[in-house]
Amino acid sequence: TGATYDIEMINALQWLVDDGRIAEGDTVGHIHLEGDYGENALVGAEYAAAELGVEIAAQKVQPTDADLTAAVTAVADAGASVVLLTTTPPQAASAVAVAQANGLDLTFVGSNPSFSPALLASPAADALEASYLMVSSIAPYASDAPGPTAVRDAFATDFAGETPTHFVLYGYAQGELMAQILETACDNGALTREGLQEAFQSLDDVDTQGLTAPMDFSDPGQPPAREVLILKPDATVEGGLTEVEGLFASPLAVDYRLAG
């Protein structure tokens, strides 16, 4: 439901170029987890880097790594001023805090699972607000679009006192998608396993009223969404994220095709 991690990184690198934060010939760091999550994002970063004429200095980390000093130091030594993060939220906090503590002028751009609003109550909060951005096809919790507004109002009523995150919107969007599949299958008179699959793959314009980017499931094996937002931490808003750039899909992301 939404853009895949490789698509996120392709769009992120194009945005960094368009925004003047990196240029052809530059080196960009990418600290990523070992495994499908991190390595999928790295595939996208390397694809975009080759097309844009930049170099990727990759540093692989393990889920158990709590201190990212070595990885941050390595990408800084490689000449990176921008570092992609495909990590856990605590690891992202470690990376930005290490950079700040060592006087490294680095901008970090994280895959969407790399942030949690709980980090804004941690010692890394100032560093995150100063140097971290997130790329995601999920709207920030504070979005004023119709979908997020309706879900936010319902969440505040039913889960008063709980900490809201953008993943509340993501979960609701998944429920909306399932409802559309079931409704389409019922309209087709085929509420069977095969009928559900056919209904699912007939959905070519799933509109969640701004919860996520619009989705197209009619091309099996390809990402359903290629648009993303650029977000930044902000402790003053619900959910801890505000919008820097609205939904967009770079030409590289539009043309990109998954293998297999």
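**Reading features in a predicted model**

User: Which residues form a nonpolar patch on the surface, and how much accessible area do they have together?

Analyst: Met178, Leu182 and Leu191 form that patch, and together they have about 280 Å² of accessible area. Please keep in mind that this model is predicted.

User: Let me look at one member. Where does leucine 182 lie, and is leucine 182 buried or exposed?

Analyst: For the general idea, buried means under 20% relative accessible area, exposed means over 50%, and partly exposed lies in between. Leucine 182 has 35% relative accessibility, so it counts as partly exposed. You can find leucine 182 in helix H7, which covers residues 166-188.

User: Which other residue of helix H7 could I look at?

Analyst: Try phenylalanine 167, which is also found in helix H7. Phenylalanine 167 is partly exposed because its relative accessible area is 35%. Between phenylalanine 167 and isoleucine 138 there are 7.7 Å in space, C-alpha to C-alpha, while the two are 29 residues apart in sequence.

User: So I should read separation in sequence and in space as two values. How far apart are proline 89 and phenylalanine 115 on each?

Analyst: Proline 89 and phenylalanine 115 are 26 residues apart in sequence, and their C-alpha atoms are 4.7 Å apart in space. Proline 89 has its place in helix H4, residues 89-101. With a relative accessible area of 18%, proline 89 is buried, because the cut-off for buried is under 20%.

User: And how far apart are tryptophan 15 and alanine 156?

Analyst: In sequence, tryptophan 15 and alanine 156 are 141 residues apart; in space the C-alpha to C-alpha distance is 34 Å. Tryptophan 15 sits in helix H1, residues 5-18. The relative accessibility of tryptophan 15 is 7%, so this residue counts as buried.

User: Next, salt bridges. How many does the structure hold?

Analyst: The general idea is a side-chain nitrogen of Lys or Arg within 4 Å of a carboxyl oxygen of Asp or Glu. The structure holds one salt bridge. Arginine 21 forms it with aspartate 19, and the closest N and O atoms are 2.6 Å apart. Arginine 21 is partly exposed, at a relative accessible area of 36%. Aspartate 19 is partly exposed too, at 39%.

User: How should I read a backbone angle? What is phi of glutamine 209?

Analyst: Most residues other than glycine have a negative phi. Phi of glutamine 209 is near 60°, a positive value in a residue other than glycine. Look for glutamine 209 in the loop between helix H8 (193-201) and strand S6 (228-233). At 41% relative accessibility, glutamine 209 counts as partly exposed.

User: Last one, pockets. What volume does the largest pocket have, and which residues are closest to its centre?

Analyst: The largest pocket has a volume of about 220 Å³. It is lined by 14 residues, and those closest to the centre are Asp216, Pro223, Pro224, Ala225 and Arg226. Sorted by class, the lining has eight nonpolar, five charged and one polar residue.

Terms used
Residues are numbered from 1 along each chain as its sequence is written. This is a predicted model: local features need pLDDT of at least 70, side-chain atom pairs count only at pLDDT 80 or more; totals for chains, interfaces and linings use all residues. Side-chain values use heavy atoms; hydrogens and water are left out. On a 1 Å grid over the protein atoms alone, a cavity is a set of points where a 1.4 Å probe fits but cannot get out, and a pocket is an open set with protein on both sides within 12 Å along at least five of seven lines; lining residues have an atom within 4 Å of a point. Grid points are joined across faces, edges and corners, and a volume is the space filled by probe spheres set on the points. Ala, Val, Leu, Ile, Met, Phe, Trp, Tyr, Cys and Pro count as nonpolar, Asp, Glu, Lys and Arg as charged, and the others, Gly among them, as polar. Patches are made of residues with over 30% relative accessible area and no salt bridge: like charges are joined within 9 Å, nonpolar side chains (Val, Leu, Ile, Met, Phe, Trp, Tyr) within 5 Å. Accessible areas come from the Shrake-Rupley method with a 1.4 Å probe; for residues, only the protein chains shown count as cover. Helices (H or I, at least four residues) and strands (E, at least two) are DSSP runs, numbered from the N terminus. Buried means under 20% relative accessible area, exposed over 50%, partly exposed in between (1.4 Å probe, protein chains only).
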